[in-house]
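Below are some comments for a colleague on the charged side-chain pairs of this model, set out as numbered points.

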Amino acid sequence: ADFNAMQFVCSAPTPRAFPAPSVAEVAFAGRSNAGKSSALNTICSRTGLARTSKTPGRTQAINFFTSESLQFADLPGYGFARVPPAVKAQWQALIEGYLSSRETLAGVVLIMDARRPLMDFDRQLIDWGSQQGLAFHLVLTKADKLSRNQQIKALRAVEREMPEATAQLFSALKRLGVDEARNAIAELANS
Ligand code: GDP
């Protein structure tokens, strides 16, 4: 897969706006501020490809990126502290609609802050998605904020709790784990 050639396709606020299913697609999920945009931009060697929505309460959308043989769906971040219930409901309908019915979806990359992995909604997403038969790759980002010892502890704890998923350490800041992430994404896309 050509990670360096990812191009923005469209921003879809409703399932009707999703691009027609074509090549294998990998979705990126995570809490707001976990480091998802930074991870995506690092994996694609592009600054500004993925952007963070810093405004809780704004209408959310799924952003699609594509290269020849691979497509990414950047899901809106979850877990803003004070979003209105209507926005939460819209988010959930969009994400559940996408994850449960996207024919070309090959797997989900879940981005988590290595200092706080597997928070409530992360677990819910993994449990619910696994029931739908989705494969997960868990990326513990901001690993540069932990000592080597803490990094290994965090990774082992996640692997122990979610044995059905693959997991890795990552840092956008230090460009740690980029090849590993690319390989895992290619695995998901080819499975
Ligand atoms: P998003 O909301 O999940 O898309 O998160 P962002 O990618 O916008 O990152 C949220 C904040 O974490 C920003 O201030 C980033 O600079 C910071 N951040 C993201 N990745 C890393 C990383 O690998 N290391 C460190 N130290 N900070 C990071």
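1. For what follows, buried means under 20% relative accessible area and exposed means over 50%, with partly exposed in between. By that scale glutamate 161, with a relative accessible area of 43%, is partly exposed. Please keep in mind that the model is predicted.

2. Glutamate 161 pairs with arginine 123 in a salt bridge, and the closest N and O atoms of the two are 2.4 Å apart. Because glutamate 161 lies in helix 4 (residues 148-161) and arginine 123 in helix 3 (residues 120-131), the pair ties together parts that are 38 residues apart in sequence. Arginine 123 is likewise partly exposed, its relative accessible area being 28%.

3. The structure holds six salt bridges, and among them are two that involve aspartate 113. Aspartate 113 forms a salt bridge with arginine 115, where the closest N and O atoms are 2.8 Å apart, and the side chain of aspartate 113 also meets that of arginine 116 in a salt bridge, at 3.1 Å from N to O.

4. The accessibilities around this site are worth setting side by side. Aspartate 113 is buried, with a relative accessible area of 5%, whereas arginine 115 is partly exposed at 35% and arginine 116 counts as partly exposed at 45% relative accessibility.

5. Which residues are linked with Asp113 in a network of salt bridges? The network comprises Asp113, Arg115, Arg116 and Lys142. As general background, side chains of opposite charge can pair when their charged atoms come close.

Definitions and conventions:
Residues are numbered from 1 along each chain as its sequence is written. This is a predicted model: local features need pLDDT of at least 70, side-chain atom pairs count only at pLDDT 80 or more; totals for chains, interfaces and linings use all residues. Side-chain values use heavy atoms; hydrogens and water are left out. A salt bridge is a side-chain nitrogen of Lys or Arg within 4 Å of a carboxyl oxygen of Asp or Glu. Buried means under 20% relative accessible area, exposed over 50%, partly exposed in between (1.4 Å probe, protein chains only). Helices (H or I, at least four residues) and strands (E, at least two) are DSSP runs, numbered from the N terminus.
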